[in-house]
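Here is a short report on side-chain contacts and surface patches in one model. Please read it with the structure open.

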Amino acid sequence: MTHEDIASEFAEIFDELPAEQVNEMLAKNIPFETIEFFSRYAEAFADGAGIKGDTRGRLPNLLLFGYLIRVLEERLLPEPPLL
């Protein structure tokens with residue numbers, strides 16, 4: 001599996017879920033402190049970048065998805081050889 005494969009599979013799974021199930025999955029699989037961190041970070045980033053509306057509201061989940069994809073990559077992909 002490649003980085004792109006993991007991201008594509010992840011996106012396909014979550015594209016089919018209603019918002020309540022996405023939020024439930026995030027709450028069950030990510031420590032509360034991590035969710036709080038990404039929420040605060042998203043708020044600060046949106047303020048600095050002038051992001052408003054629906055995009056602003058979706059930013060924390062987008063960051064959390066990136067975090068989950070990275071965790072999956074670390075678990076599923078082999079370590080690159082050291083040079």
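Glu-24 counts as partly exposed, because its relative accessibility is 42%. The classes are set by relative accessible area: buried is under 20%, exposed is over 50%, and partly exposed is in between (1.4 Å probe, protein chains only). Glu-24 forms a salt bridge with Lys-28, and the closest N and O atoms are 2.9 Å apart. A salt bridge here is a side-chain nitrogen of Lys or Arg within 4 Å of a carboxyl oxygen of Asp or Glu. Both Glu-24 and Lys-28 lie in helix α2, 4 residues apart, about one turn of the helix. Lys-28 is exposed, at a relative accessible area of 64%.

The model is predicted: local features need pLDDT of at least 70, side-chain atom pairs count only at pLDDT 80 or more, and totals for chains, interfaces and linings use all residues. Residues are numbered from 1 along each chain as its sequence is written, and side-chain values use heavy atoms, with hydrogens and water left out.

**Fold**

The protein chain has 4 helices and 0 strands. Its pattern along the sequence is α-α-α-α. Helices (H or I, at least four residues) and strands (E, at least two) are DSSP runs, numbered from the N terminus. The C-alpha trace spans about 40 × 35 × 25 Å along its principal axes. Of the 83 residues in the protein chain, 25% count as buried.

**Salt bridges**

How many salt bridges does the rule give? The count comes to 5. Three of them are listed here.

| Acid | Base | Closest N to O |
|---|---|---|
| Glu-24 | Lys-28 | 2.9 Å |
| Glu-43 | Arg-56 | 2.9 Å |
| Asp-47 | Arg-56 | 2.4 Å |

The side chains of Glu-43 and Arg-56 meet in a salt bridge. Glu-43 sits in helix α3 and Arg-56 in helix α4, so this pair ties together parts 13 residues apart in sequence. Glu-43 is partly exposed at 44% relative accessibility. Arg-56 is also partly exposed, with a relative accessible area of 23%. Arg-56 bridges to Asp-47 as well. Glu-43, Asp-47 and Arg-56 are thus linked in a network of salt bridges.

**Aromatic pairs**

The structure holds 7 aromatic pairs. Rings of Phe, Tyr and Trp (its six-membered ring) pair if their centres lie within 6.5 Å; planes under 30 degrees apart count as stacked, over 60 as edge-to-face and the rest as tilted.

One of the pairs joins Phe-38 and Tyr-67. Their ring centres are 5.6 Å apart and their planes are at 55°, so the pair is tilted. This pair links distant parts of the chain: Phe-38 is in helix α3 (residues 32-49) and Tyr-67 is in helix α4 (residues 53-76), 29 residues apart. Is Phe-38 buried or exposed? Phe-38 is buried, because its relative accessible area is 13%. Tyr-67 counts as partly exposed at 29% relative accessibility.

Tyr-41 and Phe-45 have ring centres 6.4 Å apart and planes at 20°, so this pair is stacked. The two residues are 4 apart in helix α3, which means that about one helical turn separates Tyr-41 and Phe-45. Tyr-41 is partly exposed at 42% relative accessibility. Phe-45 is partly exposed, with a relative accessible area of 42%.

Which residues form one aromatic cluster? They are Phe-37, Phe-38, Tyr-41, Phe-45 and Tyr-67.

**Surface patches**

Patches are made of residues with over 30% relative accessible area and no salt bridge; like charges are joined within 9 Å, and nonpolar side chains (Val, Leu, Ile, Met, Phe, Trp, Tyr) within 5 Å. Accessible areas come from the Shrake-Rupley method with a 1.4 Å probe; for residues, only the protein chains shown count as cover.

Phe-37, Tyr-41 and Phe-45 form a nonpolar patch on the surface. Together they have about 320 Å² of accessible area. Phe-37 is found in helix α3. Phe-37 counts as partly exposed, at 43% relative accessibility.

A negative surface patch is formed by Glu-4, Asp-5, Glu-9, Glu-12, Asp-15 and Glu-16. Lys and Arg count as positive and Asp and Glu as negative; His and the chain ends are not counted. The place of a charge is taken as NZ of Lys, CZ of Arg, CG of Asp or CD of Glu. Glu-16 lies in the loop between α1 (3-15) and α2 (19-29). Glu-16 is exposed, because its relative accessible area is 68%.
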